[in-house]
Amino acid sequence: MSHILELKKNDTLAVTLDPVSRMDLIKYAGASGDFNPIHTIDEEAKKAGLPGIIAHGMWTMGNLAKLFTPYYEEGFIQDYQIRFSGMVFLHDVVTLQAELKDKAADYMDFDVKAMNQKGREIIKGKVRFATYQ
Amino acid sequence: MYKDLIGKRSERVKSTVERGMVRRFAEAVGDLNPIYIDEEVGRRSRYGRNIAPPTFPRVLSSGVVEGLNLPKKGLIHGEQNYHYKRPLFVGEDIYSYSVIEDYYEKQGSSGLMGFLSTKRYGENDKGEVIFTEESVIIITETVRKAMKV
């Protein structure tokens with residue numbers, strides 16, 4: 001779909017990412033400045049009681065926003081609200097999804113979420129995409 | 001106690017939405033759209049310049065709230081909310097400060113959980129709020145006991 005304004009209620013935007021690699025998380029740590037070692041170093045993750053390193057919640061949230069990037073000429077993300085509910089481990093395959101719930105003259109409201117390969121929810125929330133007149 | 005910090009704010013700190021940082025951030029979230037990185041595409045866009053991804057404010061510095069002592073380890077990120085007046089522009093200066101919005105505790109399966117809500121304001125050079133960024137951090141009882149607060 002080339003125009004977001006053509007979406008109808010319950011239509012979805014979705015993308016499935018490549019399996020999560022350590023390099024993905026090292027890059028995000030460097031780009032964001034969040035060097036909490038549970039995201040990059042196995043021993044530190046284990047010390048924290050985790051089975052292995054986990055993705056930054058903000059890595060997933062940052063990825064999810066890209067569903068809307070192609071439509072920057074039609075509008076922008078005015079509100080982006082996320083609740084973190086699950087963890088992303090190395091090699092997980094994450095699917096990002098946005099579903100149009102409401103459409104008004106100057107905005108579109110989406111339910112957004114990310115799931116892992118087992119269909120378990122990782123993050124969930126809402127996007128209000130403000131549209132230009 | 002975190003409750004005593006509600007309403008406290010940090011100083012206002014200036015930072016720039018740097019082109020190189022935007023590129024690196026966009027790459028790190030797998031979103032190398034030309035609107036973020038290609039100057040010509042930016043110029044021809046309705047914004048007349050490049051913009052930054054919506055979660056980019058994580059990169060911008062903000063001041064420290066005096067008296068806020070957070071554990072280095074064991075924090076859980078609960079929620080994150082952004083509100084934008086318009087997208088951030090590459091190259092613009094942003095002045096940001098944080099306010100402790102709320103702190104409350106709830107009984108959870110692993111003891112008393114603390115919820116600390118902080119809101120960051122990002123203003124342009126005219127003092128207009130361009131974005132707000134609200135984070136809710138969960139501090140478990142174990143983590144709180146380890147730091148004796």
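Two strands count as paired here if DSSP finds at least two bridges between them. By that yardstick, this predicted model holds an open sheet of 10 strands with antiparallel pairing. Read across, the order is β1(A)-β3(A)-β4(A)-β5(A)-β2(A)-β2(B)-β5(B)-β4(B)-β3(B)-β1(B), so the sheet takes in strands from chain A and chain B, given that pairing rests on at least two DSSP bridges. At the edges sit β1 (12–16) of chain A and β1 (13–16) of chain B, each of which pairs on one side only. Neighbouring strands are turned against each other by 20 degrees on average, ignoring direction. In general, strands of a sheet pair through backbone hydrogen bonds, and they can do that either parallel or antiparallel.

The place where the two chains join up within the sheet is β2 against β2. Strand β2 of chain A (residues 75–84) and strand β2 of chain B (residues 76–84) run antiparallel, with 5 bridges joining them. To pick out a pair, Arg83(A) has Glu79(B) in β2(B) as its bridge partner. There is a helix to look at here as well: α3 of chain A (residues 57–64) lies across β2, β3 (95–103), β4 (107–115) and β5 (121–131) of chain A, together with β2 of chain B. That helix runs at about 150 degrees to β2(A).

Now for the interface as a whole. In contact across it are 28 residues of chain A and 32 residues of chain B. Between them the two chains bury about 2600 Å², and 55% of this is on carbon and sulfur atoms. On the chain B side, Ala28(B), Val29(B) and Arg46(B) lose the most area to chain A, together making up 19% of what that side buries.

On the polar side, 16 residue pairs are in polar contact between chain B and chain A, counting pairs with both residues at pLDDT 80 or more. Which parts of chain B supply at least two residues each to the side that touches chain A? They are α1 (19–28), α2 (34–37), α3 (39–44) and β2 of chain B. Of the elements of chain B, β2(B) gives the most to that side, with 8 residues. The rule for salt bridges finds 3 of them across the interface. One salt bridge in the model links Glu44(A) with Lys73(B), with the closest N and O atoms 3.6 Å apart.

Over all chains, the salt bridge count comes to 18. Within chain A, the side chains of Asp42(A) and Arg22(A) meet in a salt bridge, at 2.9 Å from N to O. This pair ties together distant parts of the chain: Asp42(A) belongs to helix α2 (residues 42–47) and Arg22(A) to helix α1 (residues 22–32), and the two residues are 20 apart.

As for the chains themselves, chain B has 4 helices and 5 strands, laid out along the sequence as β-α-α-α-β-β-β-β-α. The C-alpha atoms of chain B fill a box of roughly 55 × 30 × 20 Å along the principal axes. An unreviewed UniProt entry lists residues 5–132 of chain B as "domain: FAS1-like dehydratase". Over that stretch, chain B is 16% helix and 36% strand, and the end C-alpha atoms are 19 Å apart. For chain A, UniProt (again an unreviewed entry) lists residues 18–105 as "domain: MaoC-like". Residues 18–105 of chain A come out at 28% helix and 22% strand, with the end C-alpha atoms 36 Å apart.

Conventions:
Residues numbered from 1 in each chain as written. Chains lettered and ligands numbered in written order. Predicted model: local features only at pLDDT ≥ 70, side-chain atom pairs only at ≥ 80, totals over all residues. Heavy atoms only, no water. UniProt positions renumbered as here; feature names shortened; annotations may be inferred. Axes fitted to C-alpha atoms, helices over the stretch in contact; angles between N-to-C directions. Contact = heavy atoms within 4.5 Å. Buried area = accessible area lost by both parts, 1.4 Å probe. Salt bridge = Lys/Arg side-chain N within 4 Å of Asp/Glu carboxyl O. Polar contact = N/O pair within 3.5 Å; in protein donor to acceptor, adjacent residues only side chain to side chain.
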